[in-house]
Amino acid sequence: MMPYNECDGNCICVYCQIRVIHEQKTPCREHNCRQCGRPLIREGSYHHQLYLEKLKAADNARNSK
C-alpha cells in the first residue's frame, strides 16, 4: 500500500482501464472517468488491491468449473 503523502502515480477507472495522472492534494475519487463517468481510484491503493483480488478470485472460480 502507498504512503498517504505519496503524490506520484495514476488515478484509474477499473471499468475502462483509463489512467490519468494523479493531481496533488486532490483525491482520485473526486474525479470521474471521462469515458463512463464512474469515480476513479488510486492505482496501487488499498481499494485497487481489493478490486484486483476480487478479479483474481472470479477468474479462479471460472477456471475451476
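These legends walk through several views of one protein, a predicted model.

**View 1. The whole protein, from start to end.** Here you see one helix and three strands. Follow the sequence along and they turn up in the pattern β-β-β-α. The protein has 65 residues, and 18% of them are buried. About 5300 Å² of the protein is exposed, with carbon and sulfur atoms supplying 50% of that area. How much of the contact count comes from residues 24 or more positions apart? Among contacts with a separation of 6 or more, the share is 37%.

**View 2. Three strands side by side in an open sheet.** The strands line up in the order β2-β1-β3, and their pairing is antiparallel. Each of the two edge strands, β2 (19-21) and β3 (41-42), has a single partner strand, so one side of each has no neighbour in the sheet. Strand β1 covers residues 10-12 and runs antiparallel to β3, with two bridges between them. Which residue of β3 is the bridge partner of C11? That's R42.

**View 3. A disulfide between C11 and C28.** A disulfide is a covalent bond between the sulfur atoms of two cysteines. Searching the whole structure turns up one of these. The link runs from C11 to C28, with 2.0 Å from S to S. The angle about the S-S bond is -65 degrees, and the link is left-handed. C11 sits in strand β1 and C28 in the loop between β2 and β3, so the pair ties together parts that are 17 residues apart in sequence. Are these two cysteines buried or exposed? C11 is buried, at 2% relative accessible area, and C28 also counts as buried, at 6%.

**View 4. Two cysteines without a bond, C13 and C36.** Why is there no disulfide here? The sulfur of C13 has its closest cysteine sulfur in C36, but the gap is 3.6 Å, which is too far for a bond; a disulfide needs the sulfur atoms within 2.5 Å. Looking from the other end, the closest cysteine sulfur to that of C36 is in C13. As for their surroundings, C13 is buried, with 0% relative accessible area, whereas C36 is partly exposed, at 33%.

**View 5. A salt bridge from E43 to R19.** Side chains of opposite charge can pair when their charged atoms come close. The count of salt bridges in this model is two, and this view shows the one between E43 and R19, where the closest N and O atoms are 2.8 Å apart. E43 belongs to the loop between β3 and α1 (46-63), while R19 is in strand β2, so the pair ties together parts that are 24 residues apart in sequence. R19 is partly exposed, with a relative accessible area of 45%.

**View 6. A salt bridge along the helix, R62 with D59.** In this view the side chains of R62 and D59 meet in a salt bridge, at 3.7 Å from N to O. Where do the two residues lie? Both are in helix α1, three residues apart, which puts about one helical turn between them. R62 counts as exposed, at 56% relative accessibility, whereas D59 is partly exposed, at 34%.

Conventions:
Residues numbered from 1 in each chain as written. Predicted model: local features only at pLDDT ≥ 70, side-chain atom pairs only at ≥ 80, totals over all residues. Heavy atoms only, no water. Pairing = 2+ DSSP bridges. Helix = DSSP H or I, 4+ residues; strand = E, 2+ residues; numbered from the N terminus. Buried < 20%, exposed > 50% of the residue type's maximum accessible area, 1.4 Å probe, protein only. Salt bridge = Lys/Arg side-chain N within 4 Å of Asp/Glu carboxyl O. Contact = heavy atoms within 4.5 Å. Areas by Shrake-Rupley, 256 points an atom, 1.4 Å probe, with all protein chains shown as cover.
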